[in-house]
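Here are some worked exercises to try with the model open beside you. Attempt each task before you read its solution.

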Amino acid sequence: MTYTTLLFGLPFMGVGAGVLLAHLLVNRQKVSQALLLAFSGAFLLSVIFFELLPKLFAAEDFTVGYWVIGGILFQIALEYFSKGMEHGHTHPSAQNKYPWLLWLSLGLHAFTEGMPLSNYPQLAWGMFVHKIPITVALFTVLKLQSKNWKSLYLPLAGFALVTPLGGMLGARMLLNGTAILLPITGMVVGILLHIATTIIFETSEGHRFNAAKFISILLGFLLGSLL
Ligand SMILES: [Zn+2]
């Protein structure tokens, strides 16, 4: 297995870990899901501030700010359709219509964030951590709606493949020597920044201090900065 394959494999394994965890946490899902989310948000912020942004700001002849803001706006638009699934929100729909728009926006999100993978190994670890709570949330929603194992696991397998596919396209672009990867990485920073800050600053239970959540956040920052 080459190094790049490993990087593409990490987001995939994150989804696998999420499915496993969803099985293990059947009854204690709510608390552990909140802590996992807090951890993943802090971990992503570490990757953004220690790895992605310093490299982007160091790039010559490139104004990263516009792209980061563009990424934030892009993610806001996507969340109208995904209802915030990217940061672990679950809103099981009352109707029985299949949530195509949710899949489309989630897929677009996951594909885009995978594109810089081959160039930023720390992002691959960020993706591994990021996919776990999202998969737990997805699993919960899908399980309510699916009638058999196929309608539960096939969409999850598809979801697991989207980010590595984005990574492969990104690697191809890099091979062809196009400069498009810098703006895309800037957008990914905006996308992840929006998600991570939503998770961390989201008002939780009347602004009460939550020690477990705080420790999860500290741990996320610490591990993310060690990458
Ligand atoms: Zn994501």
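**Exercise 1.** Find what spacing the donors of the zinc ion follow along the chain, and work out why their arrangement counts as regular or irregular.

*Solution.* Step 1: along the chain, the zinc donors follow the pattern H-x3-E-x16-H. Donors here are N, O and S atoms within 2.8 Å of the metal (3.2 Å for Na, K and Ca), and because water is not among the atoms, sites may look incomplete.

Before going on, note that this is a predicted model, where local features need pLDDT of at least 70 and side-chain atom pairs count only at pLDDT 80 or more, while totals for chains, interfaces and linings use all residues. Residues are numbered from 1 along each chain as its sequence is written, and side-chain values use heavy atoms, with hydrogens and water left out.

Step 2: put names to the pattern. The zinc ion is held by NE2 of His109, NE2 of His130 and two OE donors of Glu113, at 1.9 to 2.6 Å.

Step 3: check the angles. Four donors count as tetrahedral if all angles lie between 85 and 135 degrees; four count as square planar and six as octahedral if opposite donors are over 155 degrees apart and all others between 65 and 115; anything else is irregular. The four donor atoms here subtend angles of 54 to 144 degrees, so the arrangement is irregular.

Step 4: place the histidines. His109 sits in helix 4 (residues 100–114) and His130 in helix 5 (residues 121–145), so the pair ties together parts 21 residues apart in sequence. Helices are DSSP runs (H or I, at least four residues), numbered from the N terminus.

Step 5: check burial, where buried means under 20% relative accessible area, exposed over 50%, and partly exposed in between (1.4 Å probe, protein chains only). His109 has a relative accessible area of 2%, so His109 is buried; His130, at 1%, is buried too.

**Exercise 2.** How many salt bridges does a search of the whole structure find?

*Solution.* Step 1: apply the rule, a side-chain nitrogen of Lys or Arg within 4 Å of a carboxyl oxygen of Asp or Glu. The search finds one.

Step 2: identify the partners. Lys131 and Glu113 meet through their side chains, 2.7 Å from N to O. Lys131 belongs to helix 5 and Glu113 to helix 4, so this pair links parts 18 residues apart in sequence. Both residues are buried.

**Exercise 3.** Is Gln75 buried or exposed, and which residues does Gln75 touch?

*Solution.* Step 1: Gln75 has its place in helix 3. Step 2: its relative accessibility is 0%, so Gln75 counts as buried. Step 3: list its contacts (heavy atoms within 4.5 Å). Not counting residues up to four places away in sequence, Gln75 touches Glu86, His109, Ile191, His194 and Ile195.

**Exercise 4.** Which residues have the most contacts inside the largest nonpolar core?

*Solution.* Step 1: recall that a nonpolar core is a set of buried Ala, Val, Leu, Ile, Met, Phe, Trp, Tyr and Cys residues joined through side-chain atoms within 4.5 Å. Step 2: the largest core has 35 residues, and those with the most contacts inside it are Ile48, Leu52, Leu123, Val189 and Leu192. Step 3: helix 2 gives the largest share, 11 residues. Step 4: a second, separate core has 20 residues, among them Ala22 and Leu156.

Conventions: Helices (H or I, at least four residues) and strands (E, at least two) are DSSP runs, numbered from the N terminus.
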